[in-house]
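Hi,

Here is the structure I promised to pass on to you. Have a look at it first, and then read my notes below.

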Amino acid sequence: MSVHLSRKTRILIVGPALAEAAGRAFPEASLETMDPGALGVATIPPGSADLILIETASADPGDLARLVETLATWREPPATILAGAQLPASLARALYRMPRADVLDWPLTPESLSRAVAPLMSAVEAPAEERHARCWSVMSAVGGAGGTTLAIELATTLAGRNVGRVGLVDLNLADGAAGAYLGVSANMRLADASAAPERIDTALLDAFSLPSGAGFDLLAAERDPHAFAKVSPLAVCRLLEVGCQVYDWLLVDLPRTRQAWTPDVLAGSDEVLVVSELTVPALLAARALAGEIEAEMPPGRRPRIVLNRLAARVFGPAPSRVEAEKALGRKVDGAITSDWEAAACSVNLGGPITHHRPRSKIVKDVAALVDTLAPAEALHGAAPRPAIR
Ligand SMILES: Nc1ncnc2c1ncn2[C@@H]1O[C@H](COP(=O)(O)OP(=O)(O)O)[C@@H](O)[C@H]1O
Ligand SMILES: [Mg+2]
């Protein structure tokens, strides 16, 4: 998982290449560089840095070891990362005394640096006002299982419950369908923003988003077969970070194929919903996908499984819910009835089923799923954020 460090975070950097990577990974943090040659004589006042990044090849190993030993004596030692191909033993030994420390291989990228810093700084960062945004990600086990439909109906249902500002981000960057389903054009120029992800801020997010007409904002990109190659992991992570500042509830329509940024999105999601239909291949795919996702999630957390298009057994030997749970090896967390007429009518007219066919069983089932997943306090206690537009 990557991390966003705010202006308040003071980073001390020893080594020019690290300074460059840190500047890109943490554009808002206050960075201070230190001349490696001056290490032997320089003193660093206790408490003067929150994070220290050291390029091991840049300075004398003895000086560096003494520096780390000194840091370990601070009452609250800073998070410390050493980056370098070969770590001198004296330095490694000094590093063991630090409560929050890590070692990174060379060469490093802004992404690898951000990932290494995330677990060291996550408890310190995350200002109180940013902690309450909720993020649910939806992923289909097989194409057409209903991931996009569910993401749209969840966003509509949540927006209707007065939970504050709701946003839906379609991360199917190559061929997302959420805009077409809602009859809204796509305006998220994430490929352009990837050149300077640090510039993604609330104003840019506002320019990317469009009102869906269903009480929530849509962030979706225009169709582009090369989009996944053009969009950097840092840009996706930054987009979601800023999204969590702007919105109270963020829904993410995730592509089925794994991208470099998929683990970050999963780790940052409060809930991950795997959508399956009631066919044997879809259930097998859902079981495998749920296992893969679980391996990526923090310990103790599991994805939810939602069965979509549940129908009476009149169209041949479809598995029952009980049989489906047996095939999945776990209980399902929600089930959505099949209603082709309502689904087709809504996508043809442009807009959620909740609006065009409010009596459809799909609407009732999605509401029940929200009741299951969202704690009552989240549904009733969220103070709406002021709109930025
Ligand atoms: N519960 C449902 N009943 C009937 N049709 C549905 C249902 N859920 C989705 N659909 C339809 O199935 C098709 C595929 O859904 P979609 O949400 O695009 O799947 P995915 O995003 O997983 O590819 C769409 O035409 C959609 O309208
Ligand atoms: Mg889809």
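Let's begin with the broad layout: the centres of domain 1 and domain 2 lie 39 Å apart, going by the C-alpha atoms. Domain 1 covers residues 10–121, while domain 2 takes in 129–381. Keep in mind while you browse that this is a predicted model.

If you count secondary structure, you should get 17 helices and 13 strands for the protein. The radius of gyration comes out at 24 Å, and the globule rule gives 21 Å for 389 residues; those two values are close, so the protein is as compact as a globular protein of that length. As for its extent, the C-alpha trace spans about 80 × 45 × 40 Å along the principal axes.

Two more numbers for the whole chain. Of the 389 residues, 46% are buried. And if you take contacts between residues at least 6 apart in sequence, 73% of them link residues that are at least 24 apart.

Now for the ligand. Which residues come nearest to ligand 1? There are 19 residues around it, and the nearest are S140, G146, T148, T149 and A343. Three elements each give two or more residues to this shell: helix α5 (147–159), strand β12 (304–310) and helix α14 (340–349). In terms of chemistry, the shell has nine polar residues, eight nonpolar ones and two charged ones.

A good way in is to find ligand 1 on screen and then pick out α5, β12 and α14 around it.

Cheers

Methods
Residues numbered from 1 in each chain as written. Chains lettered and ligands numbered in written order. Predicted model: local features only at pLDDT ≥ 70, side-chain atom pairs only at ≥ 80, totals over all residues. Domains from an automatic or database assignment. Near = placed C-beta within 6 Å. Helix = DSSP H or I, 4+ residues; strand = E, 2+ residues; numbered from the N terminus. Nonpolar A, V, L, I, M, F, W, Y, C, P; charged D, E, K, R; others polar. Rg over C-alpha atoms; globule rule 2.2 N^0.38 Å. Buried ≥ 20, exposed ≤ 12 C-beta atoms within 10 Å, placed from the backbone. Contact = placed C-beta atoms within 7 Å.
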